[in-house]
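I wanted to look up a few things here: cysteines, ring pairs and strand pairing. My notes follow in the order I checked them.

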Amino acid sequence: LRLLGCVFSGNVAQNGGAVMTVHNTTDDEAQSGLEVAGCTFDGNVVDYNGGAGFAGGDVTVSNSQFVANGAGVQGGAICVGGPASAEGVTVRVEPGTVFRGNMATNDAVWTCGGAIALVSDGGRQDIVGRYVVFEDNAARSPAGAFGGAIFTGRGAAAVVDCARFLN
């Protein structure tokens, strides 16, 4: 799915507040990734995963704003993972992208990834970020909270170059 110059504000869902892409289990070649350029995601909320978006495959984000999105478990702004990503996923965050005030919060279960949660079921997991701003993102829960800005699962490789992590 390719999103160019879009605004998503105040959407509510169980998963993927503004957008959700899933793997087509009947077609091994099906793409379940997400490409976002020049978009704004503001105030989207989910009960579980991916306040702004949930993707079952590779994600590329450039020159976009993720502001005040929230998830009840994983990925206040973006959650990537699930069975569709067993062969591995890459999250690529390009220059001009800002994650501000996103939150994964829950009073009963653990949470992770205030801005981004990469929770693949296996395979390679890569996050590549360049010239990105992460500000005032948080994961909060009395049961355990991990990765205020970014959470990666086992075997993940994260390369973040010239990024700003604030608060």
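**Entry 1, cysteines.** I started with C112, which counts as buried at 0% relative accessibility. I'm working from a predicted model, so these are all computed values. Next I wanted to know which cysteine sulfur is closest to the sulfur of C112. It belongs to C79, at 6.9 Å, too far for a bond. The cut-off I need here is 2.5 Å between the sulfur atoms, so C112 and C79 don't make a disulfide. With that rule, I get zero disulfides as the count. I also looked up C162, and this one is partly exposed, with a relative accessible area of 45%.

**Entry 2, ring pairs.** How many aromatic pairs does a search of the whole structure find? I got six. I then went through two of them.

The pair of W110 and F146 is edge-to-face. I noted 6.3 Å centre to centre and 65° between the planes. Where do the two residues sit in the chain? W110 is in the loop between strand 15 (103–105) and strand 16 (111–112), while F146 is in strand 21 (residues 145–146). They are 36 residues apart, so I wrote this down as a pair linking distant parts of the chain. For W110 I have a relative accessible area of 39%, which means partly exposed. F146 is partly exposed as well, at 41%.

I took F134 and F165 after that, and this pair is stacked. Their ring centres are 4.8 Å apart, with 5° between the planes. This pair also links distant parts of the chain: F134 lies in strand 19 (residues 133–135) and F165 in strand 24 (residues 164–166), 31 residues apart. Buried or exposed? I had to split the answer: F134 counts as buried at 4% relative accessibility, whereas F165 is partly exposed at 46%.

I then followed the ring pairs onward from F134 and F165, and they belong to a cluster that also takes in F8, F41, F66 and F99.

**Entry 3, strands.** I went back to strand 15 to see what it pairs with. It is part of an open sheet of five strands, in the order 3-7-11-15-20, with parallel pairing. Which are the edge strands? I have strand 3 (12–13) and strand 20 (138–140), each pairing on one side only. Between strand 11 (residues 70–71) and strand 15 I found two bridges, in the parallel sense. For A71, I noted A104 in strand 15 as the bridge partner.

Definitions and conventions. Residues numbered from 1 in each chain as written. Predicted model: local features only at pLDDT ≥ 70, side-chain atom pairs only at ≥ 80, totals over all residues. Heavy atoms only, no water. Phe/Tyr/Trp six-rings, centres within 6.5 Å; stacked < 30°, edge-to-face > 60°. Helix = DSSP H or I, 4+ residues; strand = E, 2+ residues; numbered from the N terminus. Buried < 20%, exposed > 50% of the residue type's maximum accessible area, 1.4 Å probe, protein only. Pairing = 2+ DSSP bridges.
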